[in-house]
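User: I am new to this structure and would like a close look at one part of it. Please take me through that part, then place it in the rest of the chain.

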Amino acid sequence: MSNRISNEMGADNTDNTSLHSLPLGPEELPYVHKVGVPPKPKLLKEITDTLKETFLPDDPLRPFKKQPRKRKLVLGLQTVFPILEWGRDYNLSKFKGDLISGLTIASLCIPQDIGYSKLAHLDPQFGLYSSFIPPLIYAFMGSSRDIAIGPVAVVSLLLGTLLQDELDPVKNKLEYQRLAFTATFFAGVTQATLGFFRLGFLIDFLSHAAIVGFMAGAAITIALQQLKGLLGIKKFTTKTDIISVMKSVFGAVHHGWNWQTILIGVSFLVFLLFAKYIGKKNRKLFWIPAIAPLLSVIISTFFVYITHAEKDGVQIVRHIKKGVNPSSLDQIHFSGDYLLKGFRIGVVAGMIALTEAVAIGRTFASMKDYQIDGNKEMVALGTMNIVGSMTSCYVATGSFSRSAVNYMAGCCSAVSNIVMSAVVLLTLVVITPLFYYTPNAILASIIISAVLGLIDLDAVILIWKIDKFDFVACMGAFFGVVFASVEVGLLIAVSISFAKILLQVTRPRTAALGRIPRTSVYRNLQQYPEATRVPGVLIIRVDSAIYFSNSNYIKERILRWILDEEETLAEHKQPGIQSLVLDMSPVTDIDTSGIQALEELFRSLQKKSIQLNLANPGQVVLDKLHASEFAKLIGEDKIFLRVADAILMCAPKLEQV
C-alpha cells in the first residue's frame, strides 16, 4: 500500500514506536504503514512451541542446558529434593528460628489433629499420624519455606462426609478406615500426577471467589457440627446442612444438653478467641494464640481429672492408641467394589487439598519475596499423601492457621516441619495416655476458634465491589455448603466457575470507538464520552479471540451495532455508514469458524454497501487471514496497522483537519 497520509501522526491505540514508515515521497508526506506478514513457521515448530508454552511455561529444563552429566544428575536430585539445594546454606542461626517455629506449631497442631480426626470420623491417633509422616516427606520435597503440613478442617469434613455416605463409621469401623486410606492414596496419586504432567493450571479453574465462599460455608458447617461436643449432645444428626443441625440441637434442649460441658466449652472458647484477638493486635504476641489450644487442653484435662466430671455426663476423649504409625498398605483397596468409590472420593479431596495448599504457599512466598514451583508442590504433596496412605494417615495438606503461626514465629525453612513431626512422634510414643480425660468440649472449642479464620468478610466485600458475577459464585458456593452439603457446595462452586468461563468466552465484549480530541487515538466511547464519532465510519473493537464458541455472536453483535448506529443517524438526518473498521488489537487468535464468520460479515456488509476494514491484526490472526485467502477477499489494502490509518483512507478529510 502506498496511500499518503497527513503530517499529523499522533500516538494510536497500538504500539507503533518500533515500526518504521516507508520512505518519504517527493511531496515529503509519510506513507501509511504497511501491515507486515511474517514468514509462516514450520508446522512441527509451531506445535512444539504451543505445547511448550502450555506445559512448560517456566522452562524447567533451562538449568540443565550445557551442563556436564554429573552436574545434571545433581540438578535432577535437587529438583526432586529441594532440601539438597537450600540445605547447603543451612546454619545454626536458621535452625534456632525453625526450632522455635516447629515447637510453636506443634503445640497448636496436637489438639487440632485430635479434633480434626473426629471431623473425618476417625480415631484421634489418625490425626496425629497425619502430622508425623507427611510433614517429614514434604520437608524433603516441598519448595515452600513457610507452609505447615497436617490435617485441616475443610478437607477433614469433606473426607468424613463423602466417606460417611458410603459406610457407617461406627458399625463398619474397620472398612471405613480402609476406605479412608484408599481415598488418601488416590488423593496423593491425583496430586502427584497433576504435578508430574504439569497440569497444575487445572486447579485454577476453581475461581478465588468460589473458594472464598466454599471456605466460609465449610467454616460455618464445621462450627455447627461442633455444637454436639460443645453442648454435650450424645444423639446428633449425621447430616451437615444448617436446618438438620439446628433441629438436632434444639430438639435436645431439655434432655440432651449438659451444663458442665457447656461451661467448659464456652469458657475456653472465649479464652481462645481472646487469645486470637491479642495475637492480631500485637504481632509480637503471636505465641499466645499458638499455645492457647494446648494450654486449654492441659487445664481442662486436669480439671476433669480432679473433679471426675466424666461421671456427670462430660464426654471425654478416653483412649488414644499409643505408638508410631502402623503400616496400612495391606488395607488399601486396589480392587473390588470400594476401589472406584475410593478413587472418586480421593480425587475430590485431593483437588481441594491441593487448591488450599498451593494458595497458602503462594501467599507466604509473596510475603517473603521468593518463588515456589507449583508443579513441585503438587508432586511433594502427592508423594506425602501416597506414603501417608500406607502409614495409617489420611489426607494432609497445608494448614493456613499453622502456616501463619509458622511464618510469624520466624521459620527459615521446612525444617520447622521436621521439628513439629518430632514433637508429634514424642506425643505418640509417650504423651497420648495423658489425653484420656481431655473433654470433647475443649476440642470443639479449639476447632470453632480455628475455623472462624476461614470466614473472610473483607474478601467477600471486595468481591462484591469488583465483580458481581464473582459475588454470585461466592454466595452460591457458601449457601450450597450451608444449606445442602459440602459436596453440593463444591459442585456449585465448580459449576459457577465454569459458567463464568463459558460466559466470557461465548459472549465477549465489543466496543464502539471514537477519536480523542486533538489526537489520532481511538478509544471506547463509553469510557471516554469526550471522544467523537467519525462521520460515515463505525469503529468496533472486539475484545476477545474469535473462536467457534463466540464467532456467530460476534458477527451478530457487530451487525446489531451497525443497525443501532444507522437508526441513530436516521433520527438525526445524517448520512449513513459507509465503512466499518474492526480494531483487531485484542484478538489473539482466530479459528476456521471465526474466518467463516468474518466472511459472512463481509457479504452482509456488501449488501449494505459498507466497506469492511481491519486494523492491527496480530501475527497469528494475520497468518490465518492470508492462509484462508480472506485477506484477498476483502483486499489487502483494507488491512491497516492502526485505526488512524484506516480512518485516513475512509475519511481522509476528517483526519487532515
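User: Which elements do the buried residues of α6 pack against?

Analyst: A word on the source comes before the answer: this is a predicted model.

The buried residues of α6 pack against α2, α3 (83-86), α5 (124-129), β1 (148-150), α15 (374-389) and α17 (415-431). Helix α6 itself covers residues 133-141. Its buried residues are I133, P134, P135, Y138, A139 and M141. A general point about helices helps in reading such a list. An α-helix has 3.6 residues a turn, so residues three or four places apart point the same way.

Now take one of those partners, α2. This helix spans residues 69-80. Besides packing with the buried residues of α6, α2 has a part in the surface. A nonpolar patch of about 530 Å² is made there by L73, L77, V80, F81, L84 and F140. Helix α2 gives the most to this patch, with three residues. One residue of the patch is L77, which is found in α2. L77 is partly exposed, because its relative accessible area is 41%, and buried would mean under 20%.

Next, look at α5, another partner of α6. D123 lies in the loop between α4 (92-119) and α5. D123 forms a salt bridge with K173, and their closest N and O atoms are 3.0 Å apart. K173 belongs to helix α8 (residues 173-196), so the pair ties together parts that are 50 residues apart in sequence. Both ends are partly exposed: D123 has a relative accessible area of 21%, and K173 has 38%. The general idea behind such pairs is simple. Side chains of opposite charge can pair when their charged atoms come close.

That bridge is one of 13 salt bridges in the structure. Two others show how the partners can be placed. The side chains of D543 and R541 meet at 2.7 Å, N to O. Here R541 is buried, at 18% relative accessible area, whereas D543 is partly exposed, at 30%. K555 and E600 make another bridge, with the closest N and O atoms 2.9 Å apart. This pair links distant parts of the chain, 45 residues apart: K555 sits in helix α22 (residues 551-571) and E600 in helix α23 (residues 592-607). K555 is buried, at 15%, while E600 is partly exposed, at 29%. Salt bridges can also share partners, and in this way E166, K341 and R344 are joined into one network.

Finally, step back to the whole chain. There are 27 helices and eight strands. The C-alpha atoms fill a box of roughly 105 × 70 × 55 Å along the principal axes. Of the 657 residues, 51% are buried. Contacts often reach far along the sequence: among those between residues at least 6 apart, 80% join residues at least 24 apart. The accessible surface comes to about 31600 Å², and carbon and sulfur atoms account for 62% of that area. The chain carries 64 positive and 54 negative charges, and the mean positions of the two sets are 6 Å apart.

Note on methods:
Residues are numbered from 1 along each chain as its sequence is written. Side-chain values use heavy atoms; hydrogens and water are left out. Helices (H or I, at least four residues) and strands (E, at least two) are DSSP runs, numbered from the N terminus. Buried means under 20% relative accessible area, exposed over 50%, partly exposed in between (1.4 Å probe, protein chains only). Contact means heavy atoms within 4.5 Å. Accessible areas come from the Shrake-Rupley method with a 1.4 Å probe; for residues, only the protein chains shown count as cover. Lys and Arg count as positive and Asp and Glu as negative; His and the chain ends are not counted. The place of a charge is taken as NZ of Lys, CZ of Arg, CG of Asp or CD of Glu. Patches are made of residues with over 30% relative accessible area and no salt bridge: like charges are joined within 9 Å, nonpolar side chains (Val, Leu, Ile, Met, Phe, Trp, Tyr) within 5 Å. A salt bridge is a side-chain nitrogen of Lys or Arg within 4 Å of a carboxyl oxygen of Asp or Glu.
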